[in-house]
Amino acid sequence: PAPVNDNDQDWDWAAHWPPPGAEPVDLDGAYDQLAGAGLDYGPAFQGLHAAWRDGTHRYAEVTLPDSTDPAGYPLHPALLDAALHTAALTAGTDGPVRLPFSFTGLDILPAAAPITTIRVRLTIGPDGTVTLAAVTPDGTPVAAITALATRPVTATQFEGPARGILHELSWTPVPTASATMPGPVAFIGASPAAEALAEALEAAG
């Protein structure tokens, strides 16, 4: 069944799987290849199990690892991310890898049960823009992206300071030696904490 929304997608491709006429993509060592390009994915994101290509279309079957719980997500982010690896793996070796930058027309469609496997069609435009449609193994639509813009990156962009921690905690040492107050100090209020502090300061001179 096709979803009722604003994303004008063709879902007929999902009726036959694997897609007739599409060329299988060899995924042997696929994640080692991506790691060599600077994209070192952890186990939860290594869900790409099979892929095919046919002209500007890419097809993929993606499954969550058993250790990843899909509960709480209409569609687990690791599934959607792994589906896009197909485009990176079939981009060729004569240019940089392209990573997602921004998207428009995202639809996530409700499913009756947690989704652990999806079948995906990616359509790649001349400028690298990707259109995505995803279904469950029984052909039920679960997600669509009208346009996913990508940007080229190289392995060197993942090296050096750019890979450092964006935010970090630093401590500023406080002198422990006693110091003379620059002038009189007045406390407003009569809370026990204020009185105790006043007594401590008075005792310290």
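Okay, one cut-off before we start: buried here means under 20% relative accessible area, exposed means over 50%, and partly exposed is in between. Keep that in your head, and keep in mind that this is a predicted model.

So, the salt bridge. How many does a search of the whole structure find? Just 1. The partners are E61 and R119, whose side chains meet at 3.0 Å, N to O. E61 sits in strand β3, residues 57-63, and R119 in strand β5, residues 117-124, so the pair ties together parts that are 58 residues apart in sequence.

Buried or exposed, then, for R119? Its relative accessible area is 19%, and the cut-off for buried is under 20%, so R119 counts as buried. E61, at 22% relative accessibility, goes down as partly exposed.

Now, the inside. In soluble globular proteins, nonpolar side chains tend to be buried together. In this model, the largest nonpolar core has 36 residues, and V62, I118 and L132 have the most contacts inside it. Which elements give two or more residues to that core? They are α1 (30-36), β2 (48-54), β3, α2 (77-89), β5, β6 (130-135) and β7 (141-153). The one that gives the most is α2, with 9 residues.

Let me stay on α2 for a second. This helix has 13 residues, and from its first C-alpha to its last it reaches 19 Å, close to the 18 Å expected at 1.5 Å a residue. It's mostly covered, too: 11 of the 13 residues are buried. Among those buried ones are L79, L80, L84 and L89, along with H85 and T86.

Back to I118, from that core. What does I118 touch, if you leave out residues up to four places away in sequence? The list is A60, E61, V62, L75, L79, A134, V135 and V142. Two names there should ring a bell: E61 is the salt-bridge glutamate, and L79 is one of the buried residues of α2.

There's also another core, lying apart from the big one. That one has 10 residues, including W13, A22, W52 and V135.

Last stop, the surface. Where's the nonpolar patch? F103, L106 and I108 form it, with about 260 Å² of accessible area together. L106 has its place in strand β4, residues 97-108, and with a relative accessible area of 37% it's partly exposed.

That's my tour. Over to you folks.

Notes:
Residues are numbered from 1 along each chain as its sequence is written. This is a predicted model: local features need pLDDT of at least 70, side-chain atom pairs count only at pLDDT 80 or more; totals for chains, interfaces and linings use all residues. Side-chain values use heavy atoms; hydrogens and water are left out. Patches are made of residues with over 30% relative accessible area and no salt bridge: like charges are joined within 9 Å, nonpolar side chains (Val, Leu, Ile, Met, Phe, Trp, Tyr) within 5 Å. Accessible areas come from the Shrake-Rupley method with a 1.4 Å probe; for residues, only the protein chains shown count as cover. A salt bridge is a side-chain nitrogen of Lys or Arg within 4 Å of a carboxyl oxygen of Asp or Glu. Helices (H or I, at least four residues) and strands (E, at least two) are DSSP runs, numbered from the N terminus. Buried means under 20% relative accessible area, exposed over 50%, partly exposed in between (1.4 Å probe, protein chains only). A nonpolar core is a set of buried Ala, Val, Leu, Ile, Met, Phe, Trp, Tyr and Cys residues joined through side-chain atoms within 4.5 Å. Contact means heavy atoms within 4.5 Å. The expected span of a helix is 1.5 Å times one less than its number of residues.
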